[in-house]
Amino acid sequence: MTLEDTSGSTTSPPDDYLERRALRRGSAGWLLLTGLGVAYVVSGDFSGWNIGLSKGGFGGLAVATVLMGAMYACLVFALAELSAILPTAGGGYGFARRALGTWGGFLTGTAILIEYVLAPAAISIFIGDYVESLGLFGLESGWPVYLACFVVFIGIHLWGVGEALRFSLIVTAIAVAALIVFALGALSDFHVDGLDDIPADPEAFGSNSWLPYGLLGIWAAFPFGMWFFLGVEGVPLAAEEAKDPVRSMPKALALSMGVLVLLAVVTFFAATGARGSAAVQEAGNPLVVALQGDGEPTTLSRFVNYAGLAGLIASFFSLIYAGSRQLFALSRAGYLPRFLSLTSRRKSPYLGLLIPGAIGFALAAGTGDGARMLNIAVFGATISYALMALSHIVLRRREPGLHRPYRTPGGVVTSSVAFVLALSALVATFLVDKDAAFMALGVYVIALAYFAFYSRHRLVAKAPEEEFAALAAAEAELERD
């Protein structure tokens, strides 16, 4: 069957097309999926979020974190419904393809790719910084460390998805245990007066000790409030390799979000209360600073420092997985060059791992600017969030009778909250780093030109997301007749 519509056209590839692009099904149950959701994010608890204190102070970052937590919670509930409807490797792209057409699918998939290609590159730089600060093997932060990260961890992914997700779960468990130990140690030295010790800017509207940069500081802190949760939306990308995804995916998303909320609360309060917001606001390793300040390293601070490296590895490793699956799905459907979706004998999309890895390494080695790359990743993420939330709203309105094994609590109200907050976070990226936002926008424009002039005329009818959309179009046409 070949589908043609106003936004593009599909082609019929050889009979063995999908056989050469098959993932290993049934490799991940709800526990591995939950671990994957936490692994995407856990590095953000060890560093990055604290810079939001320099944008909004304790109160500003606290409000921003609550709002961004609400956005992610609403988005996760919406994604749980969508992933039960369409459990394929396309994730957000697949949902948007069904709801918003080929243009919506490509816009969403490209935004997700920007996030998952740039974030590992940034984290590899942070790993290098940790390796150097810990004095491991006498290594300094630089391209050899970045290269080792990509080679070793992509190699594990090439070995097989089951092995990769089990490795991710183990490293994530170590990082989470370390955060709990950190919180117990830091809370023993908790001082309320340290929370609002950043001097207020008298020229900022609405400024006070809790909001030293005024009301606008809350908005500027949005991207940093996101760092407690950034990446959890990638769990549906494992749907095609999951055991019983209709049941396991909603459960894993909900559990991941619950764990992340708990970790965010205890980390935020413990770090700022132990040493003060001013002391940790620009620290590269805020948890270590919270434990030792300007003093000598302690046994606990050393442990947390090593665990921070484990957290960075967990996120780096998992984000590589997410990026490869998004690239695989877009390529399999013809939105990107089809050869990128070829899989090995072990059912790993080897080019979908190697090519983004090469790009990520080149960016890390060539720029060394992890913060800038993370800001670009956040820009892509916020666009994808808005489009995924919109997809949920559209499908609820346009196809109310669609079989939904799981239904989002609150329905379109929930996804509407996620949509509005995602757009607010998108605007906030320009407040934090407008250069990074415009760089991401430039990449977006180039990708859209490729789709407009080439790939939208060569989509693959056999791809699961395209067949799903074709079926919907056929049903709608029958109803009209």
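**Figure 1. Ser124 in helix H4 of the predicted model.** Ser124 is placed in helix H4, in a model that is predicted. The relative accessible area of Ser124 is 0%, so this residue is buried. Apart from neighbours within four places in sequence, Ser124 is in contact with Tyr146, Phe150, Phe316 and Ala364. Two of these partners, Tyr146 and Phe150, are also listed among the buried residues of H5.

**Figure 2. Gly105 and Thr108, two further positions in helix H4.** Helix H4 covers residues 92–134 and includes Gly105; Thr108 is placed in H4 as well. Gly105 has 0% relative accessibility and therefore counts as buried. Thr108 likewise counts as buried, because its relative accessibility is 0%. Between Gly105 and Gly94 there are 6.5 Å from C-alpha to C-alpha, with a separation of 11 residues in sequence. With neighbours within four places in sequence set aside, the contacts of Gly105 are Tyr93, Ala96 and Arg97. On the same terms, Thr108 is in contact with Gly92, Tyr93, Ala96, Ser384, Leu387, Met388 and Tyr444. Tyr93 and Ala96 thus appear in the contacts of Gly105 and in those of Thr108.

**Figure 3. Helix H5 and its buried face.** Helix H5 spans residues 143–159. Its end C-alpha atoms are 24 Å apart, which agrees with the 24 Å that its 17 residues should span at 1.5 Å a residue. The buried residues of H5 are Val145, Tyr146, Cys149, Phe150, Phe153, Ile154, Ile156 and His157. Seen down the helix axis, these residues fall within an arc of 150 degrees, so they line one face of H5. The face turned away from this buried side carries Trp143, Val151 and Trp159, which are exposed.

**Figure 4. A nonpolar surface patch that includes Val152.** Trp143, Leu147, Val151 and Val152 make a nonpolar surface patch of about 380 Å². Trp143 and Val151 are among the exposed residues on the face of H5 turned away from its buried side. Val152 lies in helix H5 too. With a relative accessible area of 44%, Val152 is partly exposed, because it falls between the 20% limit for buried and the 50% limit for exposed.

**Figure 5. Helix H15 and the helices packed against it.** Helix H15 is made of 21 residues, 412–432. From first C-alpha to last, H15 reaches 30 Å, close to the 30 Å expected at 1.5 Å a residue. Buried positions of H15 are Val412, Thr414, Ser415, Ala418, Leu421, Ala422, Ala425, Leu426, Ala428, Thr429 and Val432. These buried residues pack against helices H3 (53–85), H7 (214–220), H8 (222–226), H14 (370–398) and H16 (434–453).

**Figure 6. Salt bridges of Glu81.** The structure holds 4 salt bridges. In one of them the side chains of Glu81 and Arg396 meet, at 2.8 Å from N to O. This pair links distant parts of the chain, with Glu81 in helix H3 and Arg396 in helix H14, 315 residues apart. Glu81 is buried, at a relative accessible area of 1%, and Arg396 is also buried, at 16%. A salt bridge also joins the side chains of Glu81 and Arg404, at 2.9 Å from N to O. Glu81 is in helix H3 and Arg404 is in the loop between H14 and H15, so this pair ties together parts that are 323 residues apart in sequence. Arg404 counts as buried, with 8% relative accessibility.

**Figure 7. The Asp433 and Arg372 salt bridge.** Asp433 and Arg372 form a salt bridge in which the closest N and O atoms are 2.7 Å apart. Asp433 lies in the loop between H15 and H16, while Arg372 is in helix H14, so the pair ties together parts that are 61 residues apart in sequence. Asp433 counts as buried at 12% relative accessibility, whereas Arg372 counts as partly exposed at 23%. Elsewhere, salt bridges with shared partners join Glu81, Arg396 and Arg404 into one network.

**Figure 8. The chain as a whole, for orientation.** The secondary structure comes to 17 helices and 3 strands. The chain has 481 residues, of which 61% count as buried. Its accessible surface is about 18300 Å², with 66% belonging to carbon and sulfur atoms. Among contacts between residues at least 6 apart in sequence, 82% join residues at least 24 apart.

Note on methods
Residues are numbered from 1 along each chain as its sequence is written. This is a predicted model: local features need pLDDT of at least 70, side-chain atom pairs count only at pLDDT 80 or more; totals for chains, interfaces and linings use all residues. Side-chain values use heavy atoms; hydrogens and water are left out. Patches are made of residues with over 30% relative accessible area and no salt bridge: like charges are joined within 9 Å, nonpolar side chains (Val, Leu, Ile, Met, Phe, Trp, Tyr) within 5 Å. Accessible areas come from the Shrake-Rupley method with a 1.4 Å probe; for residues, only the protein chains shown count as cover. Helices (H or I, at least four residues) and strands (E, at least two) are DSSP runs, numbered from the N terminus. Buried means under 20% relative accessible area, exposed over 50%, partly exposed in between (1.4 Å probe, protein chains only). Contact means heavy atoms within 4.5 Å. The expected span of a helix is 1.5 Å times one less than its number of residues. The arc is that of the directions from the helix axis to the C-beta atoms.
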